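Here are some notes to read alongside the structure, written for someone meeting it for the first time. Please keep the 3D view open and look for each part as it comes up.

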Amino acid sequence: MIRYVVKRLMMLVPVLFGVTLVSFSLLQIVPGDPAVLLAGEDANPEFIEAVRKEYGFDQPLHVQYLRFVARAVQGDFGISIRNREPVIRLLLQRFSFTVQLSFLSILIAAAIGLVAGVVSATRQYSLFDHASMVGALLGISMPIFWLGLLLMLVFSVHLRWFPAGGSGELRHLILPAIALGAASAAVIARMTRASMLEVIRQDYIRTARANGLRETVVIYKHALKNAMIPVITVFGLEFGYMLGGAVLTETVFSLPGVGRLMVEGIFQRDYAVVQGAMLLVATTFVLVNLLTDIAYALFDPKIRYE
Amino acid sequence: MKRTLLGATLVLAALLAFGPGAVQAQTVIYAAGADPDSLDPPNAESNPSEAVNRMIYENLVKFDAKLNLVPGLAERWEQAPDGLSWTFFLRKGVSFHDGTPFNAEAVKYFVERMLGPEKPSRAALYTPFVESVTVVDPYTVRMNLKTPFAFFLNNLAHSASGIGSPAAHKALGKDIARKPVGTGPFKFVEWVHGDHLTLARNDAYWGGKPKLEKIVIKTVKEDAARVMMLQSGDAHLAVRLPAEDIPRLEKDARLQLDSTETLRVLYVGFNCQKKPFSDVRVRQAFNLATDRDSIVRNLYRGRALPASNIVAPRTTGYVPLPAHPYDPEKAKKLLAEAGYPNGLKARFISPMGRYPKDYEMAQALQQQWKQAGIEVSLGTMEWAAYLAATRKPVDQTDVEIFLLGWAPSSAEARWILYPLYHSDQWVPKGNNRIFYANKEFDDYVDKLTKATVQAERDKHLKLAQEVLHREVPQIPILVTKETIGYTKKLKGVINSPLELTYFDQNTHLEK
């Protein structure tokens, strides 16, 4: 197991190297000059030159790239051209926020998704089953920004239960977590239902029932545990995407997460920020995938990693 | 499973019970549209930064609400008869937020920074004009100019001329941009990028203790979210309100809306070195085919003013000129005279979302011009690419017609006429993106710049603006209005025509 984990972690190196190369090249291909952009409509050419020099944009591309990699290896991602803040500080600030939002969202998604999925499966074709599957369809189809604005209109403007924007306290996170988690809840519900329906028809479930076990034990202990493998896959993917930043949710609710940092960084040609954020997001995604794989072994003892 | 659900329900119920927390008595929450960038005035390039800087820093000379020049950190000043030196008599007993005293040395340090090797982004407010600075006595400072400059005081009142603590700059260098230290009514507390920026009252403010205790400026990019925060009471003030929401917000009895006519003119520029736009008759045809009133009425719902001059009415040095008529038939005739009896085709580009309704306006223009037989293809680019495209030198550019906005941040007309039209300001050196070159015009601008007598200055301002009215190297379309909204309890909000919303020591919240 440990050897497997180490091997997987080693694979991060080529992945991250690839990410730096791709993100650097893409930023170079896109038209627009960070120094000109910073100077705005009433640009002063001397200032533009000074900025190019200070941030090394006047150097040949390969020099710029190698310099970035050499510094990144030492944990120095440079400073933001916009506000001169070290990129590493911005990343940590934003990421800690994204982690909070992601945890809350995935918690909500898992709670709703698992319950709806299990109940739907055990009462197939019941009213609840139909209702929850229609709900799941809505959850997947509703655009996040629309759902977010709707939640804000109802719960902030009319009912005044939650604030309409801002961050810092748990109550600021409830509406965004619901908006962000809705689609994941729907996917998890559908996956749980499908997987449960398959497992419930297996022989060992009939055996368990025949042995006189209570229905709740049969469902939650014997069936659900075995039905979890595909659900965990979905869970891991959804969580991975959430940790990569949720730019729409963050924009609608004015939250300072990684998604907005990266997208605004692209629009502002803040190269250092974009590259740093790309590395962070890629690393997180790889790690979440690894954790998902490890989780398989916990739920299914038949799966072993040698 | 049941237990966790119960727990979650309890947590939710507890959260609901508290609701939006009660805010401190004199704390104001200000919803801004974008994050500031630099909090170092000489390097600040965006309105959100300048608005914050106006609260932290002060200038020798200030703009009042009507953009008149009034004493700031200088109590009075004198101009030498030859216009080559200005002497400023400073306010005594003022200190920076870090305790450093404000005096002639601090002013000298600031100006020398502008002139020096650091090359701040706004250095051009000083470098062409200022030769040196002399400390006459601890509270008197003299600036010696290379050449007389009619609008020198406007440059001193510019947001970029907010004077910071020399001690702080010596210690932090360029990083002063995120740890600002000025003399203003509010001092910097913290800045969480992309989230909020907090200012606190400067108890030792020379102009009296400010009434607001704390200002929290939140970055709320989404227009709809800013509107909802205002309606739900989560923000006391919101800027950049979208035009569609204004009629609805006006009906809300708790809110005060304030539309201010800005100095920004949205205009259409031509590459004046390229055929057919090098022909004034062709440019006139575009101008005559433009129905400004319809755009202002239908697209902006009256929240803009039709413009006949690239200089907006509230700008110092504005000269009223006759409105440009809308006459597509005459436009056709002019095109025929210029050798295009069957109309012409051209490429037109516009930004999207940079200015209020910019792309929608470009679409309207495209339709209007069609009436005169002008077919333009309309393209857009995101802002960084757009700026780069309109900054290419004359032998490389492929831009024919573009849409852009300009507002003179020093509030005077020369900051329009010189950078946008003078022949030594062609991009990439300056901001003459249209490659306009007119000796007569250049001469007027040079003369008004160096005028030491106001009558002389005003005469050439008028002549220069008349040339542009005749030759239309760019066609001014409209003057924008900036609408902000705030709770009626908030008194003394400053909504400057410079597109800056900020507070001073007298701003307060009524109980």
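How many residues of chain B are in contact with chain A?

1. The contact between the chains. Bear in mind throughout that this is a predicted model. In this model, 46 residues of chain B are in contact with 47 residues of chain A. On the side of chain B that touches chain A, two or more residues each come from α1 (2–18), β10 (214–219), α6 (223–232), α12 (383–389) and β16 (401–406) of chain B. The element that gives the most to this side is α6(B), which supplies six residues. Sorted by class, the side of chain B that touches chain A holds 23 nonpolar residues, nine polar residues and 14 charged residues.

2. Chain A as a whole. Chain A contains 14 helices and zero strands, and you can check this by following the backbone from the N terminus. Its C-alpha atoms fill a box of roughly 85 × 55 × 30 Å, taken along the principal axes. Of the 306 residues in chain A, 42% are buried. Among the contacts in chain A with a separation of 6 or more, 73% join residues that are 24 or more positions apart.

3. The two domains of chain A. The domain assignment divides chain A into domain 1 (11–73) and domain 2 (93–299), and the C-alpha centres of these two domains lie 36 Å apart. Where they meet, 13 residues of domain 1 are in contact with eleven residues of domain 2. On the domain 1 side of this contact, α2 (12–29), α3 (34–39) and α5 (61–73) of chain A each supply at least two residues, and α2(A) gives the most, with eight. The residues on that side of domain 1 divide into ten nonpolar, three polar and no charged.

4. A covered helix in chain A. Is helix α13 (residues 258–267) of chain A mostly covered or mostly uncovered? Helix α13 of chain A is mostly covered, since eight of its ten residues are buried. The buried residues are A:V258, A:G259, A:R260, A:L261, A:M262, A:E264, A:G265 and A:I266, and they pack against α6 (87–122), α12 (247–252) and α14 (271–299) of chain A. Just after α13(A), the residue A:R269 takes a positive phi of about 50°.

5. The nonpolar core. The largest nonpolar core has 219 residues, and those with the most contacts inside it are A:A277, B:Y30 and B:A238. Helix α9 (residues 170–200) of chain A provides the largest share of this core, with 17 residues. Domain 1 (11–73) and domain 2 (93–299) of chain A both give residues to the core, so the core lies between them. In soluble globular proteins, nonpolar side chains tend to be buried together. To look at one member of the core more carefully, leave aside the neighbours of A:A277 within four places in sequence: A:A277 is then in contact with A:L91, A:V258, A:L261, A:M262 and A:G265. Of these, A:V258, A:L261, A:M262 and A:G265 are among the buried residues of α13(A).

6. Chain B as a whole. There are 15 helices and 21 strands in chain B, and its C-alpha atoms fill a box of roughly 75 × 75 × 40 Å along the principal axes. A compact globule with 511 residues would have a radius of gyration near 24 Å, and chain B, which has 25 Å, therefore agrees with that value. Buried residues account for 49% of the 511 residues of chain B. Of the contacts in chain B with a separation of 6 or more, 68% are between residues 24 or more positions apart.

7. An enclosed strand in chain B. Why is strand β1 (residues 27–32) of chain B described as largely enclosed by the rest of the structure? Five of the six residues of β1(B) are buried, so the strand is largely enclosed. β1(B) pairs with β10(B) in the parallel sense over six bridges, and in this pairing B:V28 stands opposite B:I215. β1(B) also pairs in the parallel sense with strand β11 (residues 237–238) of chain B, here over two bridges, and B:A31 stands opposite B:A238 in β11(B). B:A238 has been met already, as one of the residues with the most contacts inside the largest nonpolar core.

Technical notes: Residues are numbered from 1 along each chain as its sequence is written. Chains are lettered from A and ligands numbered from 1 in the order in which they are written. This is a predicted model: local features need pLDDT of at least 70, side-chain atom pairs count only at pLDDT 80 or more; totals for chains, interfaces and linings use all residues. A nonpolar core is a set of buried Ala, Val, Leu, Ile, Met, Phe, Trp, Tyr and Cys residues joined through C-beta atoms within 7 Å. A residue is buried if 20 or more other C-beta atoms lie within 10 Å of its own, exposed if 12 or fewer, and partly exposed in between; C-beta atoms are placed from the backbone. Helices (H or I, at least four residues) and strands (E, at least two) are DSSP runs, numbered from the N terminus. Domain bounds come from an automatic or database domain assignment. Two residues are in contact if their C-beta atoms, placed from the backbone, lie within 7 Å. Ala, Val, Leu, Ile, Met, Phe, Trp, Tyr, Cys and Pro count as nonpolar, Asp, Glu, Lys and Arg as charged, and the others, Gly among them, as polar. The radius of gyration is taken over C-alpha atoms; the globule rule is 2.2 Å times the number of residues to the power 0.38. Two strands pair if DSSP finds at least two bridges between them.
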